[in-house]
Amino acid sequence: MAYQDPFQSSHSRDHRYPPPSQQDYNQQQEFGQQQTPAQYPQQSFSNNQYSGQHYQQQAYSNSQYSVNNAYQQGSYNSAAYNHDPYLAAPHAPYAQSRTDFHASSDSFAQSDGGYSKEGHAAGYNSYNDGANPDTPLMNAAQKKPYRDDARKVSAFEDTAYQVPPPKQKSKRRALWFWIVLFILLLAAAGACVYFFVIKPKQNKDGGSGSSSNGTKGGSNGNSGDTAKPAVFVGKDGTQVTMDNGQSFTYKNPHGGYFVDATNSDNPFNDGAKAQQWTPALNQTWSFGTDIIRGVNIGGWLVLEPFITPAYYQKYSSFPGFDSAEWTLSEAMRADTAGGGIQQIEKHYAEFITEQDFAEIAGAGLNWVRLPLPYWAIEVRDGEPFVPKTSWTYALKAFEWARKYGLRVNLDLHTIPGSQNGWNHSGKEGTIGWMAGTMGYANAQRSIDYMRIIVEFISQPQYKNVVPLFGLINEPFVELEYLQQFYLQAYTVLRGVTGIGAGNGPILSIHDRFVTDRWHGFLSGADRLALDTHKYFAFDNQDKPTIDTFVTRPCLEWGNMVNASLREFGITAGGEWSLGYNDCGRFLVGGVADIHKTTNCDFWDNYKGYNQTIKDQLKNFALTSMEGMRNFFFWTWKIAPAASGNIEAPLWSYQLGLQEGWMPTDPREAIGICQKLGVAIDPNQAFNGVFAASATGGAGAPQTLDPVATATVRPWPPTQLAGVPGDPVVFPSYTATGPMPTLPGPTLPASVKATVTGWAFPKDTALMNVPISGCTYPDVWDGGSDPVPAACPAAAGGVTPGAPAPAGV
């Protein structure tokens, strides 16, 4: 199939992206045209021979092809060397260094996305006038200037490739012309006879040789091979239309590009790159060298009152209403006239969209931390949450992250019984997880949920996108019981995934706000990371000015994090903000809205910030980034309150970008502490090298250090906070129920990949469910209710099929 000039024919492309104008075709659409050549291997496209064995079903828009590896920032998707006058001149919009995308060229070297390294190494035969595609066009001595060369090239003269003058036609060639023409006329006549005489008669007689569905040869209505949809690649300036019909312009000044493979036969293309300096998803992330610069998607799938205050204002007078999603769900269910519980999904659909993920990549950020509620999997009796729906939106988040080259730290944010008694755990009040009479049963249930999530994200379609899993957010039980749980969860999950890089995600454990107490914990553990959250806001003090806080993260956080990187391993600041004080509607005390700071009216009204305040906030952001090293800001956005204004502005990264107090390039943080006169002790600095076990590299131990586990309490627990006595036989569940599997996305029929939701078939463990005949205390009551006499011993909760000691 010959290449069709987009200015003279209909332009076949994804409806979500506008067709190019003649003036903008080459400059503005270099990274935005469907890649048709790859669909037709070994076909000639305007004197350009594309080798199908090297370039099949790939995105060429941001790959740098040239003879002898002379890279340039062009899109060679159909007409790069077609002698079009629009393609001959240098491109001012992309007159950056050639190295901007040089390193990214190998990011597409994967079977499910981008060009193959084999083709790249051989050189891209852009123009050889129909010659053998494996024959190089020129050698180094013959190479001529490319369009991004420094010297000027005429807009209407392609000095790199001159078209040779046509050869004189011979009489022999003219004879062959008339012979071919005669044959074509005969074929046309035959076709007319068939379609206008024979074919109508066959149809009238009921068909001949047709299948019962009226298609020839059982082809299901397809005549011949249908061309597969192409992968679409876009960069800064590309127009994107979302599923909801709204459009936006992708803005990424950092050399990033997105890959949209939604309509291809492989939608799991991992070739996207958030920024030029960030490894593409199909490239290795090197912990210790690559820096996590991330943001939380808070308040989306787990609602919080200060992030989405209008919902909580609406129901603040509901009887028994507090600040957690539990009572919010109860209030919504009772308010059918006001939208009912469907308001939760409306929030999911509107609060975060694809555009947010695009903006995050454009802001220079390369990771997102996604809080997920356990009710994405299921709810049990009496729990008012909306079950399973949030998982649908988590899948959207994964695909948006994939499209824009963002990695996901998936965090299990809520736990049955509540791990801390705070509103973002699901229910406010007491702690009923690893505490109280039902603390062990809730722990069993939570490990099942962790197993289900790990099984899903370990699948080959998701392991590059979600390489980090946070087991539990901000648990606030006694340290000895928390470590007891972590060891059990680690044992169960690694018993499922196996040991070493690529076998399941990195597992992240929260430090319970005491980072230095984890040095040496589970020494030799396979790919275990530490999550630390640093805030100045919650010390119950009046803090009207920010002046003294600007440089505090340099030493207070910097030295602590460096020590953890050295002594524990991978450490990331999973949460922090610019909220140095307790201002912000519903931040402290929920709907009670308690503040110690006396001038919150000023800090809650960002429209009154002057340039001095914005400069201080920006420096505070930069020192926090440098102090954390690997970080996730809390949070990406804050929804307006009932007033229509954002009333917790110090917690919104997006608003800070818009108003100028967040950096447009987070790399500005490098060296900021020294610049501001606060230098981190070089003897405390982390050298960037982790033990092999931290990353699952060669030489890592295959078992835990017995010394490191000797001080951890055995499982199952015989003592928990809030329950007197030791030993105690706690109520437990039994592993006899069917294990739920998280569903994958709906895929086009052409997609061959299968998303089963279960990466490790050897994992046949059953779900921990209530024991028949046992009457349990309230799961969400962290008190010391007596153990029911009818319930069997805790051994009833041991999970079969998992490696010892895998009882949960």
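**Exercise 1. Salt bridges**

Find how many salt bridges this predicted model holds, then work out where Glu383 and Arg445 lie and whether each is buried or exposed.

*Solution.* Let's start with the total: the predicted structure holds 21 salt bridges.

Step 1. Side chains of opposite charge can pair when their charged atoms come close. The side chains of Glu383 and Arg445 form such a bridge, at 2.9 Å from N to O.

Step 2. Now place the two partners. Glu383 sits in the loop between strand S8 (367-372) and helix H9 (389-404), and Arg445 belongs to helix H10, so their bridge ties together parts that are 62 residues apart in sequence.

Step 3. Check burial, for which the cut-off is under 20% relative accessible area. Glu383 has 8% and is therefore buried; Arg445, with 1%, is buried as well.

Step 4. Try another pair, Lys614 and Glu659, whose side chains meet in a salt bridge of 3.9 Å, N to O. Lys614 is in helix H15 (residues 611-628) and Glu659 in helix H16 (residues 653-659), 45 residues apart. Lys614 is buried at 14%, whereas Glu659 is partly exposed at 27%.

Step 5. Finish with a group of residues: Arg369, Asp411, Asp531 and Glu575 are linked in a network of salt bridges.

**Exercise 2. A threonine in a loop**

Describe the surroundings of Thr597, beginning with the loop in which Thr597 is found.

*Solution.* Step 1. Look between strand S13 (571-575) and helix H14 (600-603): the loop there contains Thr597. With a relative accessible area of 5%, Thr597 is buried.

Step 2. List neighbours beyond four places in sequence. Among those that Thr597 touches are Gln541, Pro544, Asn581 and Cys583.

Step 3. Turn to Lys543, which is 54 residues away along the chain, yet the C-alpha atoms of Lys543 and Thr597 are separated by 5.3 Å. A polar atom of the Thr597 side chain lies 3.3 Å from the backbone nitrogen of Lys543.

Step 4. Add the side-chain partner: Thr597 makes a polar contact with the side chain of Asp582 at 2.9 Å.

**Exercise 3. Two packed helices**

Characterise the packing of helix H10 (residues 439-457) and helix H11 (residues 479-497).

*Solution.* Step 1. Two packed helices are described by the angle between their axes and the distance between the axes. For H10 and H11 the angle is about 35 degrees, and the axes are 10 Å apart.

Step 2. Give the handedness: H10 passes H11 in a right-handed crossing.

Step 3. Name contact residues. H10 contributes residues including Ile447, Met450 and Val454, and H11 contributes residues including Phe485, Val492 and Leu493.

Step 4. Sort by class: the contact has 9 nonpolar, 3 polar and 2 charged residues.

Definitions and conventions. Residues are numbered from 1 along each chain as its sequence is written. This is a predicted model: local features need pLDDT of at least 70, side-chain atom pairs count only at pLDDT 80 or more; totals for chains, interfaces and linings use all residues. Side-chain values use heavy atoms; hydrogens and water are left out. Axes are lines fitted to C-alpha atoms, for helices over the stretch in contact, and angles run from 0 to 180 degrees between N-to-C directions. Helices (H or I, at least four residues) and strands (E, at least two) are DSSP runs, numbered from the N terminus. A crossing is left-handed if the near helix is turned anticlockwise from the far one by less than a right angle, and right-handed if clockwise. Contact means heavy atoms within 4.5 Å. Ala, Val, Leu, Ile, Met, Phe, Trp, Tyr, Cys and Pro count as nonpolar, Asp, Glu, Lys and Arg as charged, and the others, Gly among them, as polar. Buried means under 20% relative accessible area, exposed over 50%, partly exposed in between (1.4 Å probe, protein chains only). A polar contact is a pair of N or O atoms within 3.5 Å; within protein, one must be able to donate a hydrogen and the other to accept it, and residues adjacent in sequence count only if both atoms are side-chain atoms. A salt bridge is a side-chain nitrogen of Lys or Arg within 4 Å of a carboxyl oxygen of Asp or Glu.
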